[in-house]
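Visitor: Could we go through how the two chains of this model meet?
Guide: Certainly; here is the structure.

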Number of protein chains: 2
Amino acid sequence: MRLVIAECSVDYAGRLSAHLPLAKRLLMVKNDGSLLVHSDGGSYKPLNWMSPPCVLTTVEPDETQAAAGITELWKVTHKKTGDALIVSIHEVHHDSAHELGVDPGLQKDGVEAHLQKLLAEQIELLGDGYRLIRREYMTAIGPVDILATDATGASVAVELKRRGDIDGVEQLTRYLELMNRDPLLAPVQGVFAAQEIKPQARTLAQDRGIRCVVLDYDAMRGLDDSDSRLF
Amino acid sequence: MRLVIAECSVDYAGRLSAHLPLAKRLLMVKNDGSLLVHSDGGSYKPLNWMSPPCVLTTVEPDETQAAAGITELWKVTHKKTGDALIVSIHEVHHDSAHELGVDPGLQKDGVEAHLQKLLAEQIELLGDGYRLIRREYMTAIGPVDILATDATGASVAVELKRRGDIDGVEQLTRYLELMNRDPLLAPVQGVFAAQEIKPQARTLAQDRGIRCVVLDYDAMRGLDDSDSRLF
DNA sequence: GGCTTTATCTCGTAT
DNA sequence: ATACGAGGTAAAGCC
């Protein structure tokens with residue numbers, strides 16, 4: 001992510017035409033090439049922006065533009081729609097770049113979060129001798145919902161979903177590949193747990209040696225009297 | 001505006017509960033106290049945020065939190081709803097503040113400027129034989145959007161609006177009164193052109209002998225190949 | 001992948 | 001002030 005504070009004017013042409021007069025603003029260039037133009041007020045919506053997929057190119061200002069005080073010209077075009085955003089920069093006050101990496105993303109607490117909490121408390125539902133290591137076990141590619149050990153002490157990675165679909169199996173597969181490369185964890189067994197598991201997902205999981213567990217949410221809630229406290 | 005790049009986790013409690021696991025993100029603190037938490041991808045929507053009016057306070061982490069690696073705690077609460085956003089900062093990688101001032105704000109040209117340009121180019125939309133005299137024809141009380149002549153060579157004053165309201169008809173009426181006193185122009189016919197004309201405005205216009213024309217912006221754009229050049 | 005519904009929606013406008 | 005509808009809506013859920 002690149003952060004630039006600059007005196008600039010902005011023109012947008014796409015579904016509509018819009019113009020931002022010259023003023024000092026924040027230009028946020030994300031890793032995917034998308035651009036956000038923010039002022040020091042308003043809500044979270046930028047004054048103007050370009051959504052991915054798009055490309056940012058810097059153009060050399062021509063004589064007229066240079067005479068008008070433009071020192072840099074950014075052109076951001078959307079790859080599909082052809083929408084264009086043109087940023088005319090007059091003066092740069094700040095310019096810094098930062099490596100942020102992939103974000104694990106927002107968890108909206110609802111049924112899945114509650115399911116995770118309940119299963120963590122009732123980890124023996126997976127089998128006798130199972131013990132919880134931790135929830136949200138962090139890996140380089142994101143957090144695994146639950147990490148546990150089975151009766152033999154071997155690691156078990158649990159992926160939780162309300163509706164178990166192929167996507168969830170793929171996700172768990174990626175985690176397992178990564179974790180099995182870690183000598184401190186390997187061998188790691190996979191468990192795909194959901195209130196409902198689609199036949200395709202079940203077939204794929206079994207094909208990859210991943211155990212499928214269907215969870216009874218209501219029964220799990222019934223066992224847990226802390227339910228009234230919610231979280 | 002303050003920009004902070006930090007390892008942080010975020011919890012939101014308001015209309016819903018949500019959580020962001022520990023990761024490196026951008027924290028944007030606007031002048032009004034509002035906060036935006038951005039990752040290096042996604043759309044213009046932040047991962048999490050607090051809208052104004054709100055207040056940001058920094059809290060000293062307690063022993064447990066400090067032991068967990070939290071060096072700073074930000075608490076942003078909405079003044080009316082009481083929604084709260086809690087940012088647990090583990091490590092700050094960048095921290096800078098910038099004075100941006102008040103933004104002049106976005107001008108949506110789709111409204112009038114673009115319409116005027118398009119209608120000037122496609123003046124025959126008003127009728128066969130129409131010819132453009134000039135845009136922004138100056139009078140003593142201000143510029144008339146478009147001055148043209150009809151097939152007979154008589155003057156036509158065009159008032160353009162995105163949404164045709166009574167105000168626009170009144171404005172055009174004033175121009176027409178003035179221009180009809182000019183022997184070089186008189187008689188001047190009035191045309192009220194807009195993407196949408198309100199019934200009250202239409203009634204008033206017709207009562208004053210002003211012709212109403214509804215413009216199809218998209219069709220006019222489609223006819224204008226200069227649109228593909230963007231600027 | 002395409003479609004429908006939702007949103008801590010935001011934002012403007014009319015009442 | 002509040003209600004209503006559009007948005008460069010974006011994002012989640014569902015078939």
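Guide: The following exchange concerns the interface of chain A and chain B in this predicted model.

Visitor: How many residues of each chain are in contact?
Guide: On chain A there are 55 residues in contact with 51 residues of chain B.

Visitor: And how much area do the two chains bury between them?
Guide: Chain A and chain B bury about 4500 Å² between them, and 63% of that area lies on carbon and sulfur atoms.

Visitor: Which three residues of chain A supply more of its buried area than any other three?
Guide: Those are D40(A), Y44(A) and L100(A), which supply 17% of the area that chain A buries against chain B.

Visitor: Turning to polar features, how many salt bridges are there between the chains?
Guide: The count between chain A and chain B is two. R25(A) forms a salt bridge with D103(B), with the closest N and O atoms 2.6 Å apart. In addition, 17 residue pairs are in polar contact across the interface, both residues being at pLDDT 80 or more.

Visitor: Which element gives the most to the side of chain A that touches chain B?
Guide: That is β2(A), with twelve residues. Other elements giving two or more residues include β1 (2-13) and β7 (84-97) of chain A.

Visitor: What is the make-up of that side by class?
Guide: The side of chain A that touches chain B has 25 nonpolar, 18 polar and twelve charged residues.

Visitor: Back to β2(A): in which sense does it pair with β8 of chain B, parallel or antiparallel?
Guide: The pairing of β2(A) with strand β8 (residues 107-108) of chain B is antiparallel, over two bridges. H19(A) stands opposite Q107(B) in β8(B).

Methods. Residues are numbered from 1 along each chain as its sequence is written. Chains are lettered from A and ligands numbered from 1 in the order in which they are written. This is a predicted model: local features need pLDDT of at least 70, side-chain atom pairs count only at pLDDT 80 or more; totals for chains, interfaces and linings use all residues. Side-chain values use heavy atoms; hydrogens and water are left out. Contact means heavy atoms within 4.5 Å. Buried area is the accessible area (1.4 Å probe) that two parts lose on being put together, summed over both. A salt bridge is a side-chain nitrogen of Lys or Arg within 4 Å of a carboxyl oxygen of Asp or Glu. A polar contact is a pair of N or O atoms within 3.5 Å; within protein, one must be able to donate a hydrogen and the other to accept it, and residues adjacent in sequence count only if both atoms are side-chain atoms. Helices (H or I, at least four residues) and strands (E, at least two) are DSSP runs, numbered from the N terminus. Ala, Val, Leu, Ile, Met, Phe, Trp, Tyr, Cys and Pro count as nonpolar, Asp, Glu, Lys and Arg as charged, and the others, Gly among them, as polar. Two strands pair if DSSP finds at least two bridges between them.
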